[in-house]
Amino acid sequence: MRHYISAFLLLVLLIVNPAKAKETISGPIQAEVVKVIDGDTIRVQAHLWLGLHKTIKVKFNGVQAPELYSPKCDYERKLAEEAKIVTEKAIAGKPVTLTDIQYGKYSDRVIANVRNYEGVDLNTFLFGEALAQPTKTGKRMDWCGNDKEQ
């Protein structure tokens, strides 16, 4: 009988308190950009409440830009450097707005929709520049196909 009660309480706890990974904050949250890490990742200081700030990495939701720190080929590195520069120009040292914030794959970052100070959606901005691709899987894109420089 004791096991049934424990199992029932555990089930109730899981239903009432959903997994932390599914927790989201709809926002908007204003943030100062501390650093552009690469085309689809920035480090921000988010303003959460009066006198309460959090510095954290933010990956653009649904975006896969070329990897700057572990590229598979020279072509990917070149695209990654260009994507970082384009993102820096789009941000221009001004605040950003974060929405639909959720936990990322890694503990030191979140995933969010990001808009610059002019309201430009940075999640789709790099698509127009051909410097990112949409992704729902979180898997790395292959930027080094047979027809690219290796």
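**Exercise 1. Describe the second largest pocket: its volume, its lining and the elements that supply it.**

Step 1. The second largest pocket of this predicted model holds about 280 Å³ of space. A pocket is an open set of points on a 1 Å grid over the protein atoms alone, with protein on both sides within 12 Å along at least five of seven lines; a cavity is a set where a 1.4 Å probe fits but cannot get out. The volume is the space filled by probe spheres set on the points, which are joined across faces, edges and corners.

Step 2. The lining has 13 residues, and Ile-25, Leu-48, Ile-56, Ile-101 and Val-110 are the closest to the centre of this pocket. A lining residue has an atom within 4 Å of a point.

Step 3. Two or more lining residues come from each of β1 (24–25), β3, β4 (52–60) and β6 (96–103). The most come from β6, which gives four residues.

Conventions: residues are numbered from 1 along each chain as its sequence is written. In this predicted model, local features need pLDDT of at least 70 and side-chain atom pairs count only at pLDDT 80 or more, while totals for chains, interfaces and linings use all residues, and side-chain values use heavy atoms, with hydrogens and water left out.

**Exercise 2. State how many helices and strands the chain has, and give their order.**

Step 1. Helices (H or I, at least four residues) and strands (E, at least two) are DSSP runs numbered from the N terminus. The chain has three helices and eight strands.

Step 2. Along the sequence the order is α-β-β-β-β-β-α-β-β-α-β.

Step 3. Of contacts between residues at least 6 apart in sequence, 56% join residues at least 24 apart; a contact means heavy atoms within 4.5 Å.

**Exercise 3. Locate the two salt bridges and classify the burial of each partner.**

Step 1. A salt bridge is a side-chain nitrogen of Lys or Arg within 4 Å of a carboxyl oxygen of Asp or Glu. Buried means under 20% relative accessible area, exposed over 50%, and partly exposed in between (1.4 Å probe, protein chains only).

Step 2. Asp-40 and Lys-59 form a salt bridge with an N to O distance of 3.0 Å. Asp-40 is in the loop between β2 and β3 and Lys-59 is in strand β4, so this pair ties together parts 19 residues apart in sequence. Asp-40 is buried at 2% relative accessibility, and Lys-59 is buried at 11%.

Step 3. In the salt bridge between Asp-108 and Lys-57, the closest N and O atoms are 3.3 Å apart. Because Asp-108 lies in the loop between β6 and β7 (109–115) and Lys-57 in strand β4, the pair ties together parts 51 residues apart in sequence. Asp-108 is partly exposed at 42%, and Lys-57 is partly exposed at 23%.

**Exercise 4. Place Lys-35 in the structure and list its contacts beyond four places in sequence.**

Step 1. Lys-35 belongs to strand β2 (residues 29–38) and is partly exposed, at 43% relative accessible area.

Step 2. Leaving aside neighbours within four places in sequence, Lys-35 is in contact with Ile-42 and Arg-43.

Step 3. The C-alpha atoms of Lys-35 and Gly-93 are separated by 9.1 Å, with their positions 58 residues apart along the chain.

**Exercise 5. Classify Trp-49 as buried or exposed.**

Step 1. Trp-49 is in strand β3 (residues 41–49).

Step 2. Its relative accessibility is 65%, so Trp-49 counts as exposed.
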